[in-house]
Amino acid sequence: MIYFKDGEYLQEEQMNLSMNDRGYVFGDGVYEVIKVYDGVLYTAEEHMERLLESAAKIRLTLPYTLEQLVGIAERLLQENELSVGHIYLQVTRGVAPRVHQFPDHSVSPVLTGYTVENPRPLEQLDKGAAMKSVEDMRWLRCDIKSLNLLGNVLAKQEAVEQGCQEALFVRDGIVREGSASNVFGIKDGILHTHPANNFILNGITRRVVLQLASDLSIPVQEKEFTLAEALAMDEFFFTSTNAEITPVVTIDRQPIGEGIPGPLTRQLQKLFDEQIPALVAAGHAS
Ligand code: PLP
């Protein structure tokens, strides 16, 4: 596999990262995951924009433009002949002594990139998934796509231990998001989702779904709702670059609606699927 590090495309044997990189020592960094369908990047500009925004939120200035970042992702997928999967781009604060003063201009950010082959989760997209509610113990800047994901990892573990596929974060009784996804409910034909603020990551797939809902003239409410309200929804689903639009059939073992993927969820999935071949044919899925 070919990796990217600081302007160079490297073989695995040539790749090395310092033990003093602040990303490794402190989780001091941000990242992005971009989907590749049939060898074409999907919503790459939106991901790179969010990478630059996340970096800025932790006061990290990247020496790359949005176009250069897209170029790196494109080159990586070509070098590795990736057909379906993901490109990871990670930015850390860089190599610094363990005790160091801010700002330290001798420290420069480290950008790494690599590809991961990963088929679409077709079975789960068809049958739907089970969610388990978990107390949200993360910090209060969930809007930053940072490398600090221990709260997410522990929540996912808890969900999987209970035979579920995804955790549902609840903070102050309010449903926030999944461990690696945004969540949506449908009640009486209205699409409900958490507002884009510091309690959630504003997913690129979330934004795509809001656009698709508008295309389908589905009314949307970006407003907080409780776990009890989530359980009473007619339909529920979670979204992410990896999970796309995954129907949720149970939360805490209680069926949502009929306990099968709902009709509006299916309509949104269909519209999501339909955009892919056209964008791939255009050679540019953004
Ligand atoms: N929320 C969290 C906590 C995530 O980790 C992710 C993706 O990894 C998302 C939401 C969905 O974001 P996106 O649709 O951009 O993949």
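This report walks through two helices and some aromatic contacts in a predicted model.

**Helices H2 and H3**

Let's start with H2, which runs over residues 44-57. Its 14 residues should span 20 Å at 1.5 Å a residue, and the end C-alpha atoms are indeed 20 Å apart, so the two figures agree. Its buried residues are Ala44, His47, Met48, Arg50, Leu51, Ser54 and Ala55. Those residues cover an arc of only 160° around the axis, so they sit on the same side of H2. What do they pack against? Their partners are strands S3 (29-37), S4 (40-41) and S5 (85-92), plus helices H3 (66-79) and H6 (204-215). Just after H2 comes Arg59, with a positive phi of about 60°.

H3 also has 14 residues, and from first to last C-alpha it reaches 20 Å, close to the 20 Å expected. Here the buried set is Leu66, Leu69, Val70, Ile72, Ala73, Leu76 and Leu77. Seen down the axis of H3, they fall within an arc of 155°, so they line one face of the helix. As background, an α-helix has 3.6 residues a turn, so residues three or four places apart point the same way. Glu67 and Gln78 are exposed, on the face of H3 turned away from the buried side. After H3 you'll find Glu81, whose phi is positive, near 45°.

Ala73, in H3, is a handy residue to click on. Its relative accessibility is 0%, so Ala73 counts as buried. Leaving aside neighbours within four places in sequence, Ala73 is in contact with Leu41, Met48 and Ile87. Met48 is itself one of the buried residues of H2.

**Aromatic rings**

The structure holds eight aromatic pairs. Two of them are set out here.

| Pair | Centre to centre | Angle between planes | Type |
|---|---|---|---|
| Tyr42 and Phe272 | 5.8 Å | 65° | edge-to-face |
| Tyr88 and Tyr114 | 5.2 Å | 5° | stacked |

Tyr42 is in the loop between S4 and H2 while Phe272 is in helix H8 (residues 263-281), so this pair ties together parts 230 residues apart in sequence. Are these two rings buried or exposed? Tyr42 counts as buried at 6% relative accessibility, and Phe272 counts as buried at 2%.

The stacked pair joins Tyr88 in strand S5 to Tyr114 in strand S6 (residues 110-117), 26 residues apart. Tyr88 is partly exposed, with a relative accessible area of 24%, and Tyr114 is partly exposed at 22%. Ring pairs also bring in Tyr3, linking Tyr3, Tyr88 and Tyr114 into a cluster.

Arginines turn up over rings too. Arg138 lies over the face of Phe169, 4.1 Å from the ring centre, and Arg176 lies over the face of Phe199 at 4.2 Å from the ring centre.

Methods
Residues are numbered from 1 along each chain as its sequence is written. This is a predicted model: local features need pLDDT of at least 70, side-chain atom pairs count only at pLDDT 80 or more; totals for chains, interfaces and linings use all residues. Side-chain values use heavy atoms; hydrogens and water are left out. Helices (H or I, at least four residues) and strands (E, at least two) are DSSP runs, numbered from the N terminus. The expected span of a helix is 1.5 Å times one less than its number of residues. Buried means under 20% relative accessible area, exposed over 50%, partly exposed in between (1.4 Å probe, protein chains only). The arc is that of the directions from the helix axis to the C-beta atoms. Contact means heavy atoms within 4.5 Å. Rings of Phe, Tyr and Trp (its six-membered ring) pair if their centres lie within 6.5 Å; planes under 30 degrees apart count as stacked, over 60 as edge-to-face and the rest as tilted. A charge sits over a ring if NZ of Lys or CZ of Arg is within 6 Å of the ring centre and within 35 degrees of the ring normal.
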